[in-house]
Amino acid sequence: MQFVFLLEQVVNGLVLGGYYLLLALGLSLIFSVGGVVNLAHGAFYALGAYVSLEVGRRLGFGAAVVISPVLVGLLGIAFERLLLRRFYSADPILSLLVTFALAMVAEQAIRMIWGAAPLPSTMPPQFKGSLTLGDFLFSRYRLFLLAIVFVVMSALWLLLHKTAFGRVVRAGVQRPDMVAVLGIRLQPYMTAIVVLGVATAALGGALFGPITIVHPAMGTEIMTVAFVVVVIGGLGSFWGVVLAALLVGVVRGITIHFAPAAGEASMYVLMFLVLMLRPRGLLGERIERFE
Amino acid sequence: MQTKPGQRSRRRALRGTAAIVGACALGAPRLLFAQTEKIRIGHLTPLTGFLGALGEYAVMGIKMAAEEINAAGGVMGRQLDVMSEDSVNPQVASTKAQRMIERDGVAVLMGEINSASALTISQVAARNRKLFMSIGARSDALRGKDCNRFTFHVDIPVTVMVNAAGQALVREGLVKGKKIYSLTADYLFGHDLSKAAKKFFAANGGEQIGDELVATDVTDFSPYLLKIRQARPDLVATNLAGNQVTNFVKQYAEFGLPFAVAGFNLNTADAWAAGEGNLGGIWPTVWHHELPTPGSKAFVAAFTKKYGKPPENHAWIEYVSLKMMAQAMSETRSTDTDKLIAYFESEAQFDILKTRKAYFRSWDHQLMQEAYPFTVKPKGQARDKWDFLKFGDAVPGASQPLELLAPTRAESACKM
């Protein structure tokens with residue numbers, strides 16, 4: 001019986017990992033292309049949740065999940081064009097400071113617009129409750145989440161690896177100078193990547209709102225986990241991030257099974273161990289210009 | 001996309017990120033301007049973190065009280081100047097308290113919701129021989145073994161919360177002979193709550209089959225929910241705090257587990273954030289916005305008019321606390337620490353907008369007042385998003401002494 005319980009935690013951990021992934025992927029994407037660690041990523045996640053509440057109140061949950069990432073993605077264009085673009089080739093400390101400041105401004109702006117008190121956010125009633133498959137208990141809503149994460153992840157992978165767009169982006173990651181020599185302007189690609197990144201973060205916010213709390217600091221909270229996942233996976237590696245997200249979810253589940261009080265510490269211990277053994281992260285690629 | 005070699009490296013990026021995330025933990029002080037003749041009151045409360053939502057209500061409450069007092073001519077003809085700051089965490093709270101005393105020259109310190117921060121502020125107050133009115137912190141230890149002559153406690157201690165909700169649970173038949181599983185917030189307040197809850201269950205024939213500690217920043221409870229399902233308890237009794245309670249309640253509803261839920265700590269703001277349809281069970285509270293006393297009705301009406309939403313219990317408690325402080329200063333015609341302590345210790349009566357008046361017990365400085373259990377209205381009966389909570393009668397009952405549910409002198413470790 002003990003084994004089944006443990007297995008249940010592992011499976012639940014995989015589901016949980018799925019939704020860390022939604023945030024970590026965008027973060028990793030923006031870093032690998034622009035060389036910028038976007039500390040404001042969590043702010044787009046929070047905005048996604050707040051915008052989806054506003055849209056959901058008027059048009060319903062389904063519309064909110066689609067419209068909110070689109071609106072926040074549009075904001076991403078301004079973010080890239082006006083701000084991020086200036087820092088691609090600057091000292092990384094500058095982009096860190098700028099995105100960190102933006103995260104604070106965004107959090108306070110949310111506080112001013114919607115107040116510090118958390119907003120009630122509920123899921124459509126048909127998603128409530130759980131399914132038991134064999135001995136395992138699944139929340140219906142989380143299974144739905146997992147399906148969406150899977151679709152988003154596949155779409156991103158296909159976009160990056162099977163299209164002309166993806167080829168330019170991947171070439172730009174390794175050798176921006178060569179891409180320039182070939183007469184391709186990377187700037188529109190950068191804008192597109194940033195938009196994709198922040199839109200997936202906003203999608204995360206819209207989807208997680210109903211199971212956690214929609215409050216101004218939600219972005220800061222999730223950023224820590226997302227950043228840990230990206231570091232464990234290896235900055236810039238697609239599959240590394242996928243693997244790390246699942247690993248963090250599973251390790252947290254197993255830790256809580258045996259020692260609940262240590263649950264939150266487990267991912268930091270994992271990060272520490274991984275960095276000791278593989279300083280570049282699990283599947284971190286060697287990117288010449290970052291070494 | 002031209003890069004200069006060595007200008008940006010993964011290592012530097014990581015190091016910079018770590019530095020910035022670390023700097024996050026230290027709050028930024030606010031600029032404040034005031035005239036010297038005003039009576040300055042240092043007000044610390046968490047405005048960020050897992051208790052931040054409650055802190056916002058706290059600031060609204062104390063601000064409204066200050067405006068009313070000042071509009072009526074102030075205290076001894078002097079205006080009150082309440083400087084509210086984010087207490088962030090116990091270390092920052094203690095630093096800011098010290099600074100408020102030394103540099104800003106505050107007459108008294110007030111505030112706090114986080115029990116661990118209240119403890120460090122109370123130590124600063126004792127060291128500097130200044131009065132600290134600890135308003136929203138509920139740990140038993142604060143008024144027990146950690147009590148001191150300079151600190152007064154307004155909110156109900158955890159023993160009262162456990163007794164208030166516990167009696168209702170016993171009446172529902174959810175304690176005697178039942179298996180009880182608990183989740184406990186992993187900090188001073190949670191530990192205290194868990195201790196009081198275990199004592200209550202043991203005394204009333206309940207069997208505690210599990211009690212797990214949960215870090216305060218946990219937002220995903222699914223692994224804990226699986227553990228609860230595996231344990232198959234009759235009752236899930238939570239000793240959680242702040243955002244934890246809301247997250248737990250929402251995810252418990254999401255998974256749809258069949259076991260009864262109750263808890264010994266739920267502020268109305270946390271309940272409102274959970275939303276109708278997610279919340280169930282029996283909980284305690286120190287005050288609620290539907291209390292039918294003339295004082296509470298007037299307060300709720302004024303607050304709703306000013307802020308566009310009904311007051312939460314932390315707004316109420318800060319409001320009445322500043323009024324009590326103003327009463328003490330007016331009566332003693334002084335802001336002198338010893339005179340104020342003597343006034344509060346005289347067990348002077350205060351109107352705190354409840355049916356019965358309240359007073360600070362002289363030997364542990366705990367305010368004696370009524371509490372209320374609450375549950376949730378049947379589906380479809382709520383008028384609006386604020387209205388789905390159903391509040392019970394005051395405990396102790398009208399004919400019982402106010403001290404009935406509080407720790408007795410024999411049980412308390414307080415020695416001043």
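Here are a few worked exercises on this predicted model.

**Exercise 1: strand β13 of chain B**

Work out how strand β13 of chain B is paired, and whether this strand is largely enclosed.

*Solution.*
Step 1. Find the strand: β13 of chain B covers residues 372-376.
Step 2. Look for one partner. Strand β10 (residues 283-285) of chain B is joined to β13(B) by 3 bridges, and the two run antiparallel. To see the register, pick out P284(B), which stands opposite P373(B).
Step 3. Look for another partner. Strand β14 (residues 389-391) of chain B also pairs with β13(B) in the antiparallel sense, over 3 bridges. Here T375(B) sits opposite K390(B).
Step 4. Check burial. A residue counts as buried when its relative accessible area is under 20%. In β13(B), 4 of the 5 residues are buried, so the strand is largely enclosed by the rest of the structure.

**Exercise 2: a nonpolar patch on chain A**

Which helix gives the most to the nonpolar surface patch?

*Solution.*
Step 1. List the members: L59(A), V66(A), I67(A), V70(A), L71(A), L74(A) and I77(A) make a patch of about 610 Å².
Step 2. Assign them to an element. Helix α3 (residues 61-83) of chain A gives the most, with 6 residues.
Step 3. Try one residue as a check. I67(A) lies in helix α3 of chain A, and its relative accessible area of 30% makes I67(A) partly exposed.

**Exercise 3: where chains A and B meet**

Describe the contact between chain B and chain A, then pick out a salt bridge across it.

*Solution.*
Step 1. Count who takes part: 52 residues from chain B and 64 residues from chain A.
Step 2. Get the area. About 5,200 Å² is buried between the two chains, and carbon and sulfur atoms give 59% of that.
Step 3. Look for charge pairs. There are 4 salt bridges across the interface. One of the salt bridges joins R252(A) to D220(B), with the closest N and O atoms 2.9 Å apart.

**Exercise 4: backbone oddities in chain B**

Find a cis peptide bond, and non-glycine residues with a positive phi, in chain B.

*Solution.*
Step 1. Start with omega: the peptide bond from V395(B) to P396(B) is cis, with omega near -10°. P396(B) belongs to the segment after β14 of chain B.
Step 2. Turn to phi. R129(B) has a positive phi of about 55° without being a glycine, and R129(B) is in the loop between α4 (115-128) and β4 (131-134).
Step 3. Add R232(B), with phi near 45°. Its place is the loop between α8 (222-231) and β8 (235-239) of chain B.
Step 4. Is R232(B) buried or exposed? With a relative accessibility of 51%, R232(B) counts as exposed, since the cut-off is over 50%.

How values were computed:
Residues numbered from 1 in each chain as written. Chains lettered and ligands numbered in written order. Predicted model: local features only at pLDDT ≥ 70, side-chain atom pairs only at ≥ 80, totals over all residues. Heavy atoms only, no water. Buried < 20%, exposed > 50% of the residue type's maximum accessible area, 1.4 Å probe, protein only. Pairing = 2+ DSSP bridges. Patch = residues over 30% accessible without salt bridge, like charges linked within 9 Å, V, L, I, M, F, W, Y side chains within 5 Å. Areas by Shrake-Rupley, 256 points an atom, 1.4 Å probe, with all protein chains shown as cover. Salt bridge = Lys/Arg side-chain N within 4 Å of Asp/Glu carboxyl O. Contact = heavy atoms within 4.5 Å. Buried area = accessible area lost by both parts, 1.4 Å probe.
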